[in-house]
Amino acid sequence: MSSIAPSQLTLSFEPSLPERFPTLRAYVAHRTPLLSKSAKVIAAEMDMSPSTLSRKLNPAEGDTQRFNLDDLEAFLQATGDAPAVIEYLAAK
């Protein structure tokens with residue numbers, strides 16, 4: 001006679017990533033200060049100034065600076081943070 005363990009239900013009341021961060025840009029902006037590299041180093045490796053990176057990640061109303069796909073590729077190359085970005089996109 002074999003014993004089958006009953007399935008366990010786990011509930012999480014924490015909001016999902018897309019609920020906390022409505023855009024990938026907002027999520028990347030949130031992740032940037034949490035990374036082991038400083039924003040200054042990340043910006044330098046992306047070949048832009050820290051202020052430009054900050055403007056692209058946190059654009060003001062009417063600001064023409066935007067974080068685009070080329071920037072995302074450079075960000076991933078500079079940080080190696082692809083798993084977190086993929087996790088966000090999969091949840092989205």
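**Exercise 1: the main core**

In this predicted model, which residues have the most contacts inside the largest nonpolar core, and which helices supply at least two residues each?

*Solution.*
Step 1. Start with the headcount: the largest nonpolar core has 14 residues.
Step 2. Pick out the residues with the most contacts inside this core: V28, I42, M46, L53, L57, F67 and F75.
Step 3. Now look for the helices. At least two core residues come from each of α2 (24-31), α3, α4 and α5. The top contributor is α5, which gives 3 residues.
Step 4. Don't stop there, since a second, separate core has 6 residues, including L17, F21, A26 and Y27.

For background, nonpolar side chains in soluble globular proteins tend to be buried together.

**Exercise 2: a pair of rings**

How are the rings of F67 and F75 arranged: stacked, tilted or edge-to-face?

*Solution.*
Step 1. Two values describe a pair of aromatic rings: the distance of the centres and the angle of the planes.
Step 2. Check the distance. The centres of F67 and F75 are 6.2 Å apart, and the cut-off for a pair is within 6.5 Å.
Step 3. Check the angle. There are 80° between the planes of F67 and F75, and over 60 degrees counts as edge-to-face. So F67 and F75 form an edge-to-face pair.
Step 4. Add the surroundings: F67 and F75 are both buried. Skipping neighbours within four places in sequence, F75 is in contact with V28, T32, L35, I42, M46, F67, G80 and D81.

While you're on rings, find F21, Y27 and Y88 too: they form one aromatic cluster.

**Exercise 3: two residues, two settings**

Is A39 buried, partly exposed or exposed, and what about D63?

*Solution.*
Step 1. Recall the cut-offs: buried is under 20% relative accessible area, exposed is over 50%, and partly exposed lies in between.
Step 2. Place A39. You'll find A39 in helix α3 (residues 39-45). Because its relative accessibility is 36%, A39 counts as partly exposed.
Step 3. List the partners of A39. Leaving out neighbours within four places in sequence, A39 is in contact with T32 and L53. As for N58, 19 residues from A39 along the chain, the C-alpha atoms of the two are separated by 13 Å.
Step 4. Place D63. D63 sits in the loop between α4 (50-57) and α5 (69-79). Its relative accessibility is 14%, so D63 counts as buried.
Step 5. Find the partner of D63. The side chains of D63 and R55 make a polar contact at 2.5 Å.

Definitions and conventions
Residues numbered from 1 in each chain as written. Predicted model: local features only at pLDDT ≥ 70, side-chain atom pairs only at ≥ 80, totals over all residues. Heavy atoms only, no water. Phe/Tyr/Trp six-rings, centres within 6.5 Å; stacked < 30°, edge-to-face > 60°. Buried < 20%, exposed > 50% of the residue type's maximum accessible area, 1.4 Å probe, protein only. Helix = DSSP H or I, 4+ residues; strand = E, 2+ residues; numbered from the N terminus. Contact = heavy atoms within 4.5 Å. Polar contact = N/O pair within 3.5 Å; in protein donor to acceptor, adjacent residues only side chain to side chain. Core = buried A, V, L, I, M, F, W, Y, C linked by side-chain atoms within 4.5 Å.
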